[in-house]
Amino acid sequence: MQQAIHHLDMPAIQYTVWLADLHGHRFHVKLRIENPNPDGQQLQMPAWIPGSYLIRDFSKHIESIKAYEVSSPTDSLPLERIDNDQWLLPKVSGPVEVLTTVYAFDSSVRAAFLNNERAFFNASSLCLSAQGQEDLPCALILIPPNDSYASGWSVQTGLRSVKLDSQGYGFYLAKNYDDLLDHPVAFGDFQLAQWQVNGVPHTMAVQGCLHPINLQRIAKDLQAICACTIALFEPQTQQAPFQSYLFLVNAVLSGYGGLEHRNSTALLCKRDQIPQLNVPLDEASYREFLGLCSHEYFHAWLVKRIQPTAFQPYQLERRNHTRLLWLFEGFTSYYDELQLFRSQRIDLKSYLKLVANNWNTVLRGPGRHKQSVADSSFDAWTKYYQVNENTPNAVVSYYGKGALLALGLDLKIREFTHNRQSLDDLMRLIWDRHGRTHMGIAEDGLDMLILELLGNGFTQTWNRFKSLYIFGVEDIPLQKWFDPRIVLVKTKLPSRLERNKLQLGLRYSEAQGWLKLTHVLDGGALQVAGLAPGDLLASINGQRVTAMSLDRIVGTLTEGKPFVMCFYRDDLEQECMAVLAPHQLPIQYELLPAE
Ligand SMILES: [Zn+2]
């Protein structure tokens with residue numbers, strides 16, 4: 001280990017991080033507490049990371065922990081275990097240091113990772129909090145790795161820097177523990193795209209691409225999207241609420257996701273979603289990547305600054321419940337695509353196709369009639385984030401249906417005000433009351449804002465909207481709400497194959513040449529016939545079924561005409577009869593520009 005830099009004006013809480021073992025995937029972390037609680041300092045590891053609503057118990061990756069008084073570094077202090085993620089130091093009179101070794105091999109955006117190609121961490125995976133001192137400023141000291149693999153690496157983070165070397169190692173400062181957790185840090189080789197929006201520098205730092213990236217194209221597209229989102233919230237000043245913004249992108253063979261922060265985001269995408277020179281680009285998958293960027297950027301306003309009171313402050317040792325994730329995630333999902341259209345990255349036809357895709361996906365989920373988006377938000381911790389074979393039958397996505405709610409509310413506001421106002425005005429009002437002020441929004445906080453924006457005349461519409469579509473499980477009748485002068489709604493006529501597959505109600509994976517059912521949808525022909533998740537579907541009407549042959553065989557089925565299926569359950573062969581019925585077909589829509 002290399003000794004950390006120390007000087008007198010260091011904050012009272014200091015974290016030093018060593019990329020200690022690239023091959024065993026271990027960080028070493030030292031927490032120095034200048035003024036530990038004289039009655040016994042408690043230490044706590046977060047159980048979850050804000051933005052990802054699942055108890056993850058990050059303490060499980062702590063391999064070793066020891067503590068000592070700075071005045072006596074060779075005498076270990078006894079650490080009392082209070083819980084799996086809580087420790088208690090004995091009474092001491094001077095500064096203490098706590099050393100941990102943390103295993104880090106989770107390549108998602110939510111945790112920590114270290115190997116001989118790159119490193120990444122969220123402080124929630126590495127840094128214990130000193131209980132009672134979370135509001136104090138804290139230093140983060142990053143020590144350059146002593147490993148030839150990492151000699152050329154640099155550091156990327158949105159955290160405020162104080163004193164760095166040319167590669168970005170050195171001394172960073174966080175306002176408090178929460179601020180420390182809100183700034184992921186990445187190490188490795190990066191390609192950088194840079195642009196400005198009204199004087200605010202934006203950077204995208206990409207690692208994992210083998211070829212030179214078309215940085216100009218990325219900068220041009222992201223510049224347009226970011227400018228559009230700033231203009232939505234601040235039409236007058238066009239000023240972003242941060243001094244800089246960083247997109248940290250890890251491009252891999254397969255993987256997708258993002259996590260939002262106040263002035264940065266960590267993204268995971270496929271390599272072929274990034275435009276690279278001399279590499280063919282699938283435009284649709286690049287658009288999907290732009291949508292992900294747009295989504296996480298929007299969160300810098302909605303959920304990182306406009307927050308539910310339930311998140312103020314985050315209670316990192318336990319679940320934090322809100323019934324409003326349909327607002328924070330759903331409205332963000334609505335705008336992530338809308339901003340692509342408004343910034344002219346996609347045309348109206350493509351935009352409407354994205355909207356219809358989401359609408360149809362929601363309409364295909366039987367769970368939408370069992371769970372409201374308010375309940376889906378509250379139960380995100382145990383349901384949406386813990387998917388199982390019954391999830392589509394029992395859970396509605398607060399992302400998907402939440403985006404439809406935003407669209408529906410937008411259409412209702414436009415109708416009510418004869419297009420003088422829109423959902424944008426509501427977003428600006430929410431921003432004004434809860435974002436700029438950082439006053440949390442109460443669970444029923446939208447009621448007052450909607451009343452203020454639209455007056456009593458809209459109250460009945462809003463109350464009905466809430467009880468049917470937010471707290472109720474009704475489908476949102478968007479087909480009746482679009483303005484036909486702008487958008488045409490058509491019932492989608494699926495092909496025979498699409499129709500038959502929808503009526504079967506199956507989701508599957510391929511397992512060693514077999515077609516294994518992962519989900520059997522409520523009311524579908526397979527469930528009626530007695531098939532269950534885990535069954536291996538072997539044949540239909542005597543023809544062997546595989547992932548390759550499924551479409552060809554299913555395409556020959558006729559509604560109302562019974563067919564025979566053979567399947568294996570627990571290695572025993574079974575046979576059953578099934579039939580496709582008209583009521584098994586969920587309604588699907590198409591959206592087109594009126595002209
Ligand atoms: Zn989100």
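**Entry 1: past the end of a helix.** I started at Gln-344, which follows helix α5 and has a positive phi, near 60°. I keep in mind that this is a predicted model.

**Entry 2: the helix itself.** Next I looked up α5, which runs over residues 325–342. How far apart are its end C-alpha atoms? They are 24 Å apart. At 1.5 Å a residue, the 18 residues of α5 should span 26 Å, so the two values agree. Then I checked its cover: 15 of the 18 residues in α5 are buried, which leaves the helix mostly covered. A reminder to myself: an α-helix has 3.6 residues a turn, so residues three or four places apart point the same way.

**Entry 3: the whole chain.** I zoomed out and found 15 helices and 29 strands in the chain. The radius of gyration is 27 Å, and the globule rule gives 25 Å for 595 residues; the two are close, so the chain is as compact as a globular protein of that length. Along the principal axes, the C-alpha atoms fill a box of roughly 85 × 65 × 55 Å.

**Entry 4: inside and contacts.** What share of the 595 residues is buried? I get 53%. Among contacts with a separation of 6 or more, 67% join residues 24 or more positions apart.

**Entry 5: surface and charge.** I looked up the accessible surface of the chain, about 26,200 Å², and noted that carbon and sulfur atoms account for 50% of this area. Last came the charges: the chain has 54 positive and 62 negative ones, and their mean positions lie 6 Å apart.

Key: Residues are numbered from 1 along each chain as its sequence is written. This is a predicted model: local features need pLDDT of at least 70, side-chain atom pairs count only at pLDDT 80 or more; totals for chains, interfaces and linings use all residues. Side-chain values use heavy atoms; hydrogens and water are left out. Helices (H or I, at least four residues) and strands (E, at least two) are DSSP runs, numbered from the N terminus. The expected span of a helix is 1.5 Å times one less than its number of residues. Buried means under 20% relative accessible area, exposed over 50%, partly exposed in between (1.4 Å probe, protein chains only). The radius of gyration is taken over C-alpha atoms; the globule rule is 2.2 Å times the number of residues to the power 0.38. Contact means heavy atoms within 4.5 Å. Accessible areas come from the Shrake-Rupley method with a 1.4 Å probe; for residues, only the protein chains shown count as cover. Lys and Arg count as positive and Asp and Glu as negative; His and the chain ends are not counted. The place of a charge is taken as NZ of Lys, CZ of Arg, CG of Asp or CD of Glu.
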